[in-house]
Amino acid sequence: LHHRSEVMLGPFSLDIVIGDRVVVEVDGPSHFYRDTNSRTTSSLLKNMLLTAMGFHVRHLPFQEWTQCGTTEKRMLYCTTFWRDVLASKAPEGQADAVAQLPLVDILELVSKPQQLPSNRTVEA
């Protein structure tokens with residue numbers, strides 16, 4: 001997946017840019033008013049301006065990440081998040097097909113790479 005990190009666009013620093021029009025913003029505590037889940041005015045304005053410029057903006061709020069206390073929950077969160085990002089990058093008419101893809105059990109693939117599902121065979 002071709003992407004660029006820390007891209008400057010006018011007065012904005014974009015965390016991740018995928019392709020030409022998909023932006024992923026990793027929203028740390030400075031994007032929220034203290035002790036709340038309410039976004040700051042500058043964070044909201046940045047999102048509105050980028051959307052008006054034709055970007056598809058996805059946010060990864062730090063609160064959601066910290067609520068995923070286990071490795072398994074974080075992997076599931078990442079799988080869901082990136083599936084949605086890929087769906088937003090899909091050509092028109094194909095986004096629904098990408099969004100309907102089943103969630104991949106990444107933990108199983110990472111922790112047991114030598115084992116294949118029973119319906120697959122390895123060719124020598």
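# A tour outward from Glu25

Start by selecting Glu25, which lies in strand S3, residues 22-27. Keep in mind that this is a predicted model. Glu25 has a relative accessible area of 2%, so the residue counts as buried, the cut-off being under 20%. Show its side chain and look toward Asp15: the side chain of Glu25 reaches the backbone nitrogen of Asp15 at 3.0 Å.

Next, display what surrounds Glu25. Neighbours within four places in sequence aside, the residues in contact with Glu25 are Ser13, Leu14, Asp15, His31, Lys46, Val57, Arg58, His59 and Leu60.

**The salt bridges**

From that set, pick Lys46. Glu25 and Lys46 form a salt bridge, with the closest N and O atoms 2.8 Å apart. This pair links distant parts of the chain, since Glu25 sits in strand S3 and Lys46 in helix H1, 21 residues apart. Both Glu25 and Lys46 are buried.

How many salt bridges does a search of the whole structure find? The search finds 2. For the other pair, select Arg39 and Asp27, whose side chains meet in a salt bridge at 2.5 Å, N to O. Arg39 lies in the loop between S3 and H1 while Asp27 is in strand S3, so this pair ties together parts that are 12 residues apart in sequence. Colour the two by accessibility: Asp27 is at 0% and therefore counts as buried, whereas Arg39, at 22%, counts as partly exposed.

**Strand S3 and its partners**

Now select the whole of S3. Of its 6 residues, 5 are buried, so the strand is largely enclosed by the rest of the structure.

On one pairing, add strand S2, residues 12-18. S2 and S3 pair in the antiparallel sense over 3 bridges. Label Ile16 and Val24: Ile16 stands opposite Val24 in S3. Follow the chain through the hairpin of S2 and S3, which has 3 residues between the strands, and stop at Gly19, where phi is positive and near 65°.

For another pairing, add strand S4, residues 56-61. S3 and S4 run in the parallel sense, paired over 6 bridges. Val57 in S4 is the bridge partner of Val23, and Val57 is also among the contacts of Glu25. To see how the chain gets from one strand to the other, show helix H1, residues 41-52. S3, H1 and S4 make a right-handed β-α-β unit. H1 is also the helix that holds Lys46, the salt-bridge partner of Glu25.

**Back to S2 and S1**

Return to S2. The strand is mostly covered, with 6 of its 7 residues buried. Add strand S1, residues 3-9, which pairs with S2 in the antiparallel sense over 6 bridges. Val7 stands opposite Leu14 in S2, and Leu14 is one of the residues in contact with Glu25. The hairpin formed by S1 and S2 has 2 residues between the strands, and Gly10 in the turn has a positive phi of about 60°.

**The nonpolar cores**

In soluble globular proteins, nonpolar side chains tend to be buried together. To look at this here, select Ile16, Ile18, Val22, Val24, Leu60, Cys68, Tyr77, Phe81 and Val85, the 9 residues of the largest nonpolar core. S2, S3 and helix H3, residues 71-89, each supply at least two residues of this core. Which element gives the most? H3 does, with 3 residues.

Centre the view on Tyr77. With neighbours within four places in sequence left aside, Tyr77 is in contact with Leu60, Pro61, Glu64, Trp65 and Cys68. Apart from this core lies another, of 8 residues, including Val7, Phe12, Leu14 and Val23. The opposed residues Val7 and Leu14 thus both appear there, as does Val23, the partner of Val57.

**The whole chain**

Finally, zoom out. The protein has 5 helices and 4 strands. From the N terminus on, the elements run β-β-β-α-β-α-α-α-α. Of the 124 residues, 27% count as buried. Turn on contacts between residues at least 6 apart in sequence: 45% of these join residues at least 24 apart.

Key
Residues are numbered from 1 along each chain as its sequence is written. This is a predicted model: local features need pLDDT of at least 70, side-chain atom pairs count only at pLDDT 80 or more; totals for chains, interfaces and linings use all residues. Side-chain values use heavy atoms; hydrogens and water are left out. Buried means under 20% relative accessible area, exposed over 50%, partly exposed in between (1.4 Å probe, protein chains only). A polar contact is a pair of N or O atoms within 3.5 Å; within protein, one must be able to donate a hydrogen and the other to accept it, and residues adjacent in sequence count only if both atoms are side-chain atoms. Contact means heavy atoms within 4.5 Å. Two strands pair if DSSP finds at least two bridges between them. A crossover is right-handed if, with the strands pointing away from the viewer, the path from the first strand over the helix to the second runs clockwise. A nonpolar core is a set of buried Ala, Val, Leu, Ile, Met, Phe, Trp, Tyr and Cys residues joined through side-chain atoms within 4.5 Å. A salt bridge is a side-chain nitrogen of Lys or Arg within 4 Å of a carboxyl oxygen of Asp or Glu.
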